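This report covers selected strands, helices, cavities and backbone features of one model. Please keep the sequence and the structure in view while reading.

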Amino acid sequence: MQNGDVGVARQLLEGVRSFTEREVPQYLADHREEEYPEPLVKRLRELGVFGANVPARYDGLGCGEDTTAQLLYLLARGWQSLASLAGTHLKLCSQMLRHGTCEQRSTWLPAMASGAAIFARAYHEQGRCDPELLETHVRDSAGHRTLHGRKDWVTNARHADRILALVRDGQVTLGVLVDPSADGVEIGPELSRPGVLGVSLCAVTFDGYVFDPEREVLGGSGHDLTDSLRAGDLRGYTARAVACADAVCDCAVRFAARTIGHRPPDAQGAIRLRVGEVRARTAAIRAIWSDLSGPSPAVGPDEAKVICTALLQEIVQACVLLCGGAGYADPHDSLGRHYRDALALPIVGASNDVLLSRIGSVALTSEEGRRMEIFREDASVVLRYAEHVNGVEETVLRRVSQREGARVVRLPPFQGVDLDVLDLSTLSHTGTFKDWVACVATARALQAGTPTVAAQSSGNTANALASYASHVGIRSVVLYPPDSRRRLLPSLAAHPLVDFIEVDASEQRIKQILREAAQAANVPVLPSLSDQYEGNKLRAHLLRDAAGELGHGWDWHVQALSSAYGPLGFYRGVDELGCAPGPRLLGVQQEAVAPYAEALEGVDSNPSALMLEPTLFRRVLTPDLLREVRKLCADTAGTVRVLSNRRYLSGQQRAVRLLEDAGIRVTLSPSGEPRERAGLYALCGALAAVEDGLVPEGQRVLVVYTGGSGPETDLFTPKHTAAEKDAVSLMTTLLTQAEEVCALPTPQRGSTELTQ
């Protein structure tokens with residue numbers, strides 16, 4: 001395979017396209033459709049399909065969600081059965097990566113990526129569409145943990161190397177990695193069905209299957225998958241519906257074009273009308289799929305699956321009628337096979353009726369959520385309190401400002417504790433609180449006549465600075481690590497005044513590269529420490545006004561921490577207002593990166609744990625930062641806590657539901673995963689603190705939602721990538737070129753140029 005995400009994806013898709021266009025039709029012509037397609041499965045292994053979404057560190061191809069969706073489209077266009085087999089396996093690769101312990105990931109993901117171990121999933125039970133209603137359960141039997149119950153409609157059960165069985169254990173849902181060849185597991189007979197043949201579909205019964213709760217429960221003993229199961233990825237089913245529509249449409253149009261000349265004139269008119277009908281409906285399905293893949297989809301995954309699979313039934317039926325007997329009794333059986341396969345799509349994954357019920361429930365709760373907003377600054381917090389920003393004129397801030405809004409939203413009380421959310425994302429231009437800092441930093445640069453600025457970022461600061469700087473004609477050159485590419489906005493990456501440079505290096509090394517290049521080119525680095533504090537201190541002014549209007553303040557101020565510039569700026573503002581010490585600080589850090597918790601509370605982080613949120617990346621603290629946060633915790637009687645991956649993941653969907661029910665949109669990836677988790681970490685950390693008794697009944701907590709409602713992003717091909725050893729030279733060159741291109745006259749304070 002070629003190196004690089006884009007090259008790998010392109011080569012994979014080209015190989016699969018050739019496979020489905022040449023090899024699959026030949027196989028289907030030579031074999032009975034009901035046979036397990038071992039030769040085709042072997043080719044899927046060779047092409048790398050089973051490891052498409054597995055990171056390279058586990059021997060996979062590391063492709064993104066868009067590539068995975070296109071892969072399923074190509075497989076489904078060739079044969080839905082292959083998409084069914086591969087789609088189930090790839091979904092389980094994602095779940096293993098997200099929920100698996102370190103040992104489970106290192107044991108299973110390489111084998112899953114190569115196709116040496118193909119997984120099936122045993123979830124569905126007749127009449128039970130919610131994980132809390134499952135009857136398959138765990139018992140304690142003679143010192144062992146055992147499985148009991150029956151699962152219906154398990155795809156590929158007969159040929160899987162492992163089956164992930166979703167079962168109830170008291171109040172939690174476990175995923176047990178079952179060896180289907182072991183005692184206590186019975187694979188039932190093949191279920192009769194009209195389509196999606198070849199890949200087995202059976203019931204699976206568990207009767208005393210013994211398992212190791214530490215090694216064979218996904219995520220380890222007691223790891224709860226309930227919320228994760230409710231947020232299932234439906235994008236693959238939409239891709240399969242589009243593939244089927246395209247395939248049958250092409251079959252029907254080719255047939256009509258070949259035969260229309262032999263029909264009488266009145267029949268020709270009817271044929272043209274029917275072809276137009278099929279084309280229009282297929283175009284509608286494709287438009288929905290394209291929209292779902294875009295940065296700001298108008299429909300969600302649930303709506304897309306319902307609409308596309310329902311429209312598909314009309315398209316397939318129209319194509320069969322258009323072709324008449326040749327469609328119903330196709331000698332090559334491609335149209336007939338697609339007709340039979342299409343019948344399954346409205347009920348697989350999650351049935352359309354279940355999805356429609358969920359859509360209606362969300363609509364009703366969203367209407368309720370709009371009534372839960374209790375305070376709002378719609379336009380700009382920066383401009384509202386511009387007189388308090390030191391060193392920057394208000395006229396300059398007005399020129400730079402785009403939208404830096406905020407609001408306070410009330411959540412339902414939790415165990416006797418009142419919960420409010422300070423939403424710094426929904427009303428911000430790029431979707432995070434970094435817009436406040438970027439507005440102040442860019443205004444200071446504009447006031448100084450600076451034509452070019454340099455920065456480094458894990459994503460949010462890059463988007464904010466690039467957006468605000470380019471808005472007023474300032475060029476920006478920004479370093480970022482490869483893991484952050486998915487967070488950058490492609491529209492900004494393509495802007496002529498923006499240069500993003502991807503550098504595969506450590507956090508400390510990237511900071512060093514930035515300093516060296518900026519010094520060599522004599523270009524300022526943004527944001528400065530002063531910019532960070534000036535932008536974030538405005539939060540104190542906003543919350544003072546909110547408290548005055550609402551008639552209450554807050555006992556706790558909860559935020560997920562990386563560098564902690566946000567809380568440090570906020571408490572500086574509290575001090576300026578004469579309101580010190582302010583609410584107690586509760587800082588929340590993730591398990592993999594927790595330097596403040598280590599230094600202040602003696603809690604060890606776990607560097608081997610998966611880093612769930614890349615924006616909370618800072619591992620090395622300066623003495624000044626540590627001293628300030630230590631003093632802040634002492635002054636406010638606050639603390640910094642670590643939230644384990646297991647505890648965060650078990651509460652993530654609860655947090656998403658709480659926010660969305662309150663009218664705060666959480667941007668999700670096509671697979672249903674949050675695009676950013678910093679705000680969710682804060683909320684999960686607050687709920688955990690209440691559960692653990694740190695926050696007593698009767699107190700009021702303000703959770704800071706710093707980001708997560710911004711636009712969805714797609715991977716883009718970076719204009720600039722550099723090895724660590726070449727990064728200083730490349731950045732210096734770009735900064736120097738930018739200085740030459742962007743040389744601007746220094747604006748004078750109060751000039752008309754700044755006030756227009």
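Helices and strands are here DSSP runs, numbered from the N terminus, with at least four residues (H or I) for a helix and at least two (E) for a strand. The model is predicted.

## Strands β4 and β5

Strand β4 covers residues 162-169 and runs antiparallel to β5, to which 7 bridges join it. Within this pair, Val167 stands opposite Leu174 of β5. The two strands form a hairpin with 2 residues between them. Gly170, in the turn, has a positive phi of about 70°.

Strand β5 spans residues 172-178, and 6 of its 7 residues are buried, so the rest of the structure largely encloses it.

## Helices α19 and α20

Helix α20 runs from residue 565 to residue 576. Its 12 residues should span 16 Å at 1.5 Å a residue, and the end C-alpha atoms are 16 Å apart, in agreement with that value. Because 9 of the 12 residues are buried, α20 is largely enclosed by the rest of the structure. The cut-off for buried is a relative accessible area under 20%. The buried residues of α20 are Tyr565, Gly566, Pro567, Leu568, Gly569, Phe570, Tyr571, Gly573 and Val574. They pack against two helices, α19 (529-550) and α22 (623-636), and two strands, β14 (556-560) and β15 (584-590). Just after α20 comes Gly578, with a positive phi of about 75°.

Helix α19, one of the packing partners of α20, has 22 residues. From first to last C-alpha, α19 reaches 32 Å, close to the 32 Å expected at 1.5 Å a residue. Gly551 follows α19 and has a positive phi, near 85°.

## Cavities

Rolling a probe the size of a water molecule over the atoms shows where empty space is left. The count comes to 2 cavities of 30 Å³ or more. The largest cavity holds about 200 Å³ of space. It is lined by 16 residues, of which Asn460, Arg487, Glu676, Gly710 and Pro711 are the closest to its centre. By class, the lining of the largest cavity has 2 nonpolar, 10 polar and 4 charged residues.

The second largest cavity has a volume of about 30 Å³. Its lining consists of Leu92, Met96, Phe119, Leu164, Leu177 and Leu218. These comprise 6 nonpolar residues, with no polar and no charged ones. Two of the lining residues fall in the hairpin described above: Leu164 lies in β4, residues 162-169, and Leu177 lies in β5, residues 172-178.

## Cis peptide bonds and positive phi

Most residues other than glycine have a negative phi, and most peptide bonds are trans. The bond from Leu526 to Pro527 is cis, with omega near -10°. Pro527 is placed in the loop between α18 (507-521) and α19. A cis bond also joins Ala580 to Pro581, with omega near 10°. Pro581 belongs to the loop between α20 and β15.

Asp59 is not a glycine, yet its phi is positive, about 70°. The loop that holds Asp59 connects α2 (38-47) and α3 (65-78). With a relative accessible area of 59%, Asp59 is exposed. Ala637, also not a glycine, has a positive phi of about 60°. Ala637 sits in the loop between α22 and β16 (639-643). Its relative accessibility is 42%, so Ala637 counts as partly exposed.

Technical notes. Residues are numbered from 1 along each chain as its sequence is written. This is a predicted model: local features need pLDDT of at least 70, side-chain atom pairs count only at pLDDT 80 or more; totals for chains, interfaces and linings use all residues. Side-chain values use heavy atoms; hydrogens and water are left out. Buried means under 20% relative accessible area, exposed over 50%, partly exposed in between (1.4 Å probe, protein chains only). Two strands pair if DSSP finds at least two bridges between them. On a 1 Å grid over the protein atoms alone, a cavity is a set of points where a 1.4 Å probe fits but cannot get out, and a pocket is an open set with protein on both sides within 12 Å along at least five of seven lines; lining residues have an atom within 4 Å of a point. Grid points are joined across faces, edges and corners, and a volume is the space filled by probe spheres set on the points. Ala, Val, Leu, Ile, Met, Phe, Trp, Tyr, Cys and Pro count as nonpolar, Asp, Glu, Lys and Arg as charged, and the others, Gly among them, as polar. The expected span of a helix is 1.5 Å times one less than its number of residues. Contact means heavy atoms within 4.5 Å.
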